[in-house]
Amino acid sequence: MGQLTRQHDWSKTSLGTPDTWPQSLRTTLSILLNSRFPMFLFWSDELICFYNDAYRSSLGNNGKHPTALGQPGALVWPEIWDTVKPLIDQVLAGEGATWSEDQLIPIYRNGHLEDVYWTFSYSPVSDELGQPAGVFVTCTETTQQVNTVKQLRLSEQRFQNLVRDASVGIIVLNGEETRVTIVNDAYGRLINRSVSELLGKPLFSVIPEAEDVFRPIIDGVRLSGEPLYLNDQPYFVYANGDKKEGFLNLAYHPYRELDGSITGVIVLCQDVTEQVLARQRMEETQRQLQNLLMQAPVAVAIFRGPEHIIELANQAHLAIWGRQAEEVMGKPLFEALPEVKGQGYEALLAGVLTTGEPFYANELSALLIRNGQPERVYFNFVYQALRELDGTITGVIVVANDITEMVLGRHQLESGETRLRSLVDSAPFPIGVYVGKEMRIQLANQSILDVWGKGTNVIGQLYADVLPELAGQGIYEQLAEVYTTGVPFHANNQQVNLVIDGQLKPYYFKYSFTPLYDAYGEVYGVMNTAADVTDLVLAQQKLQLSEDRYRLLSGDLEQLVQQRTEELEAANEELAATNEELTATNEELLATNEQYVSTNEELTESTHLLSRSNHNLEQFAYVASHDLQEPLRKIQQFSDLLKGQYAEQLGEGVSYLERMQVAASRMSTLIRDLLTFSRIATQQETRESVSLNAVITTVLTDLELVIAETEAKVQVDPLPTVLGDPMQLGQLFGNLLSNALKFRRPGVPPVVKLTTRWLATDHLPPDVKPGRAAIAYHLIEVTDNGIGFDEKYLDRMFQVFQRLHGRSEYAGTGIGLAICQKVVINHGGAIAASSQPGQGATFKVYLPV
């Protein structure tokens with residue numbers, strides 16, 4: 001501090017430089033700075049602060065040092081100024097020195113305000129004229145001593161409170177006569193006495209019945225000076241004619257005076273009667289449980305410790321092992337059953353013993369030596385950690401069930417099932433088995449999966465969920481009637497519309513629904529066999545069309561009939577051969593099914609890895625739709641020639657030509673839409689930055705005439721830029737905007753809004769499943785005020801050829817929304833819709849950010 005004092009810039013203070021200081025100040029500072037006793041000095045009217053090294057520690061870390069040096073006292077000690085300023089004024093007024101002992105003066109140090117206790121004196125320092133010019137402070141911090149005294153007092157109070165309020169009985173017995181000098185209520189309650197009945201009296205004068213048991217114990221501790229601990233010690237006393245008895249945990253300690261002499265015994269008593277009785281009951285329960293386990297029909301065993309010592313194994317478990325009790329009890333498991341070692345059970349048991357996690361196993365096998373012969377045994381079992389009351393794991397309890405006969409029987413059954421399934425899977429025509437009233441698919445061979453256009457994951461699903469497009473075609477009702485009545489159903493050349501690769505297509509089948517019976521004669525399912533006769537039916541239709549065309553052009557009816565007859569006879573022969581093959585296979589399947597049902601086991605689920613190639617089908621649709629345009633053009637050209645050159649000869653036949661032209665035009669539009677749909681499905685993915693603002697501008701330009709005619713208002717928010725194919729995105733929004741304008745309410749101008757917002761992945765609706773994962777999606781909503789629709793048709797809207805209105809009301813082919821869905825899927829997104837009849841519709845397009 002001497003160096004800091006000399007280096008301080010005193011010229012900036014009211015004292016001036018040290019060479020101008022009075023001798024009284026210099027002398028006082030010399031005493032202060034050279035003293036090892038904490039000292040402080042206030043000088044002049046501003047009470048400028050000085051202090052020495054011994055005082056620094058009282059200022060703490062991050063406190064007032066060294067900024068206090070040379071500063072006015074009011075600035076240095078604002079937190080205590082109201083306390084010390086009157087003392088300073090008293091000294092400077094000539095009223096003499098002050099003395100304060102263990103005075104609480106909180107000061108700011110160590111980064112916060114602390115309660116600090118001081119013993120200090122304020123003394124006057126006179127200048128050369130003999131007038132008080134400063135205050136000399138000598139001080140000692142007594143915080144630690146004060147806190148120690150407080151702690152001692154607190155400890156004493158706590159001890160008294162502890163004895164008084166302790167739930168454990170405490171009593172101090174003095175001398176040979178065991179006089180009670182300290183006792184609490186808890187001890188009194190143990191012997192049904194009050195504290196006043198015990199205090200100051202020899203203990204055994206109050207409870208003489210306990211003297212024979214407890215006096216030798218107390219005398220032994222007092223004389224030997226060694227503590228003694230007793231657990232579960234029985235005791236009894238008499239009070240008011242009643243006998244109270246129980247169990248105590250006791251701790252006896254010699255009671256020593258300050259000089260170390262033993263004058264008595266302090267006793268701590270804890271009532272453990274309930275715990276002892278509970279343990280006794282538990283031990284009795286354990287004995288009963290052990291007897292129960294030994295007689296249980298389920299195999300039970302207990303292994304103790306890391307060596308898995310066999311502590312218990314009931315008769316059922318011994319039967320699994322093929323051992324007698326004397327061969328295994330008390331031995332390590334893998335010593336008693338050496339053949340089990342190396343089969344993986346060591347790791348399982350060690351895992352349960354180490355982690356405490358149970359292990360469950362079904363149909364686990366083990367090779368055992370039973371009755372001297374090796375046997376493969378199958379069983380279900382549980383390894384459960386065996387814990388003590390404190391939670392310590394000391395062993396493993398095993399509960400097992402021998403299922404060897406059941407497993408071997410099922411293996412035989414599965415072998416029969418395998419043969420049956422092999423027969424079904426190799427059948428050259430479709431076969432399916434549906435069980436239960438809900439018609440859950442239990443079996444479907446590859447032929448029927450090819451017909452359905454589904455993958456191999458249909459097993460276990462409901463027939464109606466796999467083929468929802470059959471609703472309204474009468475097939476669900478046919479299945480229900482066969483299941484209910486047990487009467488088979490047969491259909492010939494029946495048209496069935498199936499959705500293949502997103503398109504609803506007509507097929508023709510000869511099929512049968514045959515009831516399947518269980519061992520009790522009840523129908524448990526339906527077998528479906530079928531033959532695809534689509535080519536034959538289409539050939540017949542083609543012959544009919546050819547006949548009509550040639551009759552119109554050449555009138556050669558007899559030749560047509562002859563040709564058609566020959567083709568039909570050939571088709572019928574082929575169909576008859578197929579029918580014979582189908583009938584024979586049906587009979588074989590029914591016979592095999594009856595043999596299988598006799599085992600009272602239902603067919604289990606089976607899957608086969610083969611799916612139809614969507615790419616090939618879509619490529620076919622593209623080629624077929626392109627090639628179909630040519631004959632349509634010829635129909636339109638020939639009808640124009642007939643109408644132009646032979647209108648008078650045709651007479652009323654002109655109206656038929658006109659209807660044919662309208663149908664051909666509609667067919668041409670349909671093929672164009674189908675061609676568009678196929679092109680989107682088959683073309684290679686193009687990924688480039690596409691401004692949706694530019695796409696919408698182009699679409700609105702194309703729809704400019706329709707917008708003007710309908711007086712529509714189209715409001716478009718600024719749209720984002722996405723990765724994708726600009727042509728496909730144009731078709732997407734072109735179809736959505738075109739539909740919004742087309743399905744308008746009569747007499748109400750259309751209002752269409754395009755809005756967009758950003759949506760995080762975790763905020764997507766649960767039913768929206770985008771085609772590609774992304775951290776966020778652009779949600780673009782196309783909202784109109786049109787006729788709307790009932791949301792019960794949502795599952796149909798995005799399917800090919802699905803229409804909610806007749807062609808006479810609204811033109812279209814039913815492919816537009818299917819194209820929209822295909823485009824969105826190609827771009828890794830999703831599309832959804834919501835509406836109410838008469839309240840407009842909203843289509844929501846989700847595209848990855």
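In this predicted model, tyrosine 360 stands opposite valine 382 in strand E16. The two strands concerned are E15 (residues 359-370) and E16 (residues 373-387). They run antiparallel and are joined by 10 bridges. Together, E15 and E16 form a hairpin, with two residues between them. Asparagine 371 lies in that turn and has a positive phi of about 55°.

A second strand examined was E13, which spans residues 299-304 and includes alanine 299. Alanine 299 has a relative accessible area of 2%. The cut-off for a buried residue is under 20%, so alanine 299 counts as buried. Its contacts, leaving aside residues up to four places away in sequence, are Asn314, Ala316, His317, Ile320, Val398, Val399 and Ala400. One of these partners, valine 398, is 99 residues from alanine 299 in sequence. In space, the C-alpha atoms of alanine 299 and valine 398 are 7.9 Å apart.

Aromatic residues were considered next. A search of the whole structure finds 27 aromatic pairs. Such a pair is described by the distance of the ring centres and the angle of the planes. For phenylalanine 40 and tyrosine 51, the ring centres are 6.1 Å apart and the planes meet at 5°. Planes under 30 degrees apart count as stacked, so the pair of phenylalanine 40 and tyrosine 51 is stacked. Phenylalanine 40 belongs to strand E1 (residues 39-43), and tyrosine 51 to strand E2 (residues 48-51). The pair therefore ties together parts that are 11 residues apart in sequence. Both phenylalanine 40 and tyrosine 51 are buried. The two residues also belong to one aromatic cluster, formed by Phe40, Phe42, Tyr51, Tyr55, Trp77, Trp81 and Trp118.

A ring also takes part in a contact with a charge. The charged end of lysine 243 sits over the ring of phenylalanine 236. The distance from that charged end to the ring centre is 4.7 Å.

Totals for the protein complete the description. The protein has 849 residues, and buried residues make up 41% of them. Its secondary structure comprises 29 helices and 29 strands. Among contacts between residues at least 6 apart in sequence, 54% join residues at least 24 apart. The exposed surface of the protein is about 46500 Å². Carbon and sulfur atoms supply 52% of that surface.

Terms used
Residues numbered from 1 in each chain as written. Predicted model: local features only at pLDDT ≥ 70, side-chain atom pairs only at ≥ 80, totals over all residues. Heavy atoms only, no water. Helix = DSSP H or I, 4+ residues; strand = E, 2+ residues; numbered from the N terminus. Buried < 20%, exposed > 50% of the residue type's maximum accessible area, 1.4 Å probe, protein only. Contact = heavy atoms within 4.5 Å. Phe/Tyr/Trp six-rings, centres within 6.5 Å; stacked < 30°, edge-to-face > 60°. Lys NZ or Arg CZ within 6 Å of the ring centre and 35° of its normal. Pairing = 2+ DSSP bridges. Areas by Shrake-Rupley, 256 points an atom, 1.4 Å probe, with all protein chains shown as cover.
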